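Colleague: I haven't looked at this one before. Could you walk me through it?
Modeller: Sure, have a look first and then ask away.

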Amino acid sequence: MKIPSIKGIIRRRLLLNYRVDPDVIQTVLPNNFRPKLVRGQAIAGICLIRLEQIRPTFLPPFLGISSENSAHRIAVEWEDTEGTTKEGVFVPRRDTNSLLNSLAGGRIFPGVHHHSRFEIEDESDDGENDDGNTISLTVTSKGKPLVEVSAGLADSLPDDSIFTSFEESSQFFENGCIGYSSRPNSKLLDGLLLKVLSWQAQPMKVHSIKSSYFDDTTIFPPDSITFDHALFMSDIAHEWHSEPQLIA
């Protein structure tokens, strides 16, 4: 699926990250993907992102659209047609509050987007955030909570994180900039490259988190998954570009 290059602003982005038993995560991946491991553990999570001024690169910002979006992601590796190892994320589910995105997703834009409700409480007024200024965000799908999180900025990652430093975590997620999503009634996977013009992230302290997907013990047995840490980004210029399709 080839789309025109798109640009805009990441006004707010939360990356909520879990460490998962790689054998368990493999069961939800297409066969051509394998989990990208950190010290023997797979990394999965949720990206909660507010996009603004989204439009084709040839249009001015005032013609862009805004939306709240959620993507469940799994860090993966695969080989391209030349046998080179690539890395990115597989996205089993996308949600958006934009009716346009939900109608276009999987048709003229990569990935099915479920039309969902987003409720956000951000105590900071100037785009900055600290541990005293909490962001609370709830995503509801068909009247049922999909994601609930409350978090604020922190100075470092949790002591029990599988990542040895914030810098290691930040580099890991910066490298995973290609996302693949499935299409309706098709074995084709559509690829989308997120090109961030200046990658800037900060660690977060998560006060509470619930996920109907990652908390589902029929998919993830209790001993197979643990919340690890979160990152925060804001006011970042970015572009989206198509990537070659893959066959699941």
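Modeller: The chain has 248 residues, and 50% of them count as buried. Buried means under 20% relative accessible area, exposed means over 50%, and partly exposed is in between, using a 1.4 Å probe and protein chains only. Keep in mind that this is a predicted model, where local features need pLDDT of at least 70 and side-chain atom pairs count only at pLDDT 80 or more, while totals for chains, interfaces and linings use all residues. Residues are numbered from 1 along each chain as its sequence is written, and side-chain values use heavy atoms, with hydrogens and water left out.

Colleague: OK. How many helices and strands does the chain have?
Modeller: There are 3 helices and 14 strands. These are DSSP runs numbered from the N terminus, with helices being H or I of at least four residues and strands being E of at least two.

Colleague: And what share of the contacts links residues 24 or more positions apart?
Modeller: Among contacts with a separation of 6 or more, 69% are between residues 24 or more positions apart. Contact here means heavy atoms within 4.5 Å.

Colleague: Got an example? Where does Met233 sit?
Modeller: Met233 is in strand S14. Its C-alpha is 6.6 Å from that of Leu14, although the two are 219 residues apart in sequence. Met233 is buried, with a relative accessible area of 1%. Leaving aside neighbours within four places in sequence, Met233 touches Arg11, Arg12, Arg13, Trp199, Gln200 and Ala201.

Colleague: Arg13 is on that list. Which strand is Arg13 in?
Modeller: Arg13 belongs to strand S1, residues 6–20. Arg13 is buried yet has no salt bridge, and the nearest side chain of opposite charge, Glu174, is 9.7 Å away. A salt bridge would need a side-chain nitrogen of Lys or Arg within 4 Å of a carboxyl oxygen of Asp or Glu. For charge, Lys and Arg count as positive and Asp and Glu as negative, with His and the chain ends not counted.

Colleague: So what is Arg13 in contact with?
Modeller: Beyond the neighbours within four places in sequence, its contacts include Cys47, Arg73, Trp199 and Met233.

Colleague: Cys47, then. How many disulfides are there?
Modeller: A search of the whole structure turns up 0 disulfides, a disulfide being a pair of cysteine sulfur atoms within 2.5 Å. Cys47 is buried at 7% relative accessible area, and Cys177 is partly exposed at 26%.

Colleague: Changing topic: how many aromatic pairs are there?
Modeller: The count is 12 aromatic pairs. Rings of Phe, Tyr and Trp (its six-membered ring) pair if their centres lie within 6.5 Å; planes under 30 degrees apart are stacked, over 60 edge-to-face, and the rest tilted. One of the pairs is Phe163 with Phe172, edge-to-face at 5.4 Å centre to centre and 70° between the planes. Phe163 and Phe172 are both buried.

Colleague: Why is the Tyr213 and Phe220 pair edge-to-face?
Modeller: Because their planes are at 85°, with the ring centres 5.4 Å apart. Tyr213 and Phe220 are both buried, and they belong to one aromatic cluster with Tyr18, Phe214 and Phe227.

Colleague: Back to Phe172. What sits over its ring?
Modeller: The charged end of Lys36, 4.2 Å from the ring centre. The rule is NZ of Lys or CZ of Arg within 6 Å of the ring centre and within 35 degrees of the ring normal.

Colleague: What about backbone oddities? What is phi of Lys142?
Modeller: Phi of Lys142 is near 55°, a positive value in a residue other than glycine. Lys142 is in the loop between strand S9 (135–141) and strand S10 (144–153), and it is exposed at 82% relative accessibility. Asp235 also has a positive phi, about 50°, and is not a glycine. Asp235 lies in strand S14, residues 225–247, and counts as partly exposed at 42%.

Colleague: Last one: is Gly176 buried or exposed?
Modeller: Gly176 is buried, at 11% relative accessible area. Gly176 is in the loop between helix H3 (166–175) and strand S11 (178–182). Its C-alpha is 9.2 Å from that of Lys86, 90 residues apart along the chain. Outside its neighbours within four places, Gly176 contacts Glu87, Gly88 and Val89.
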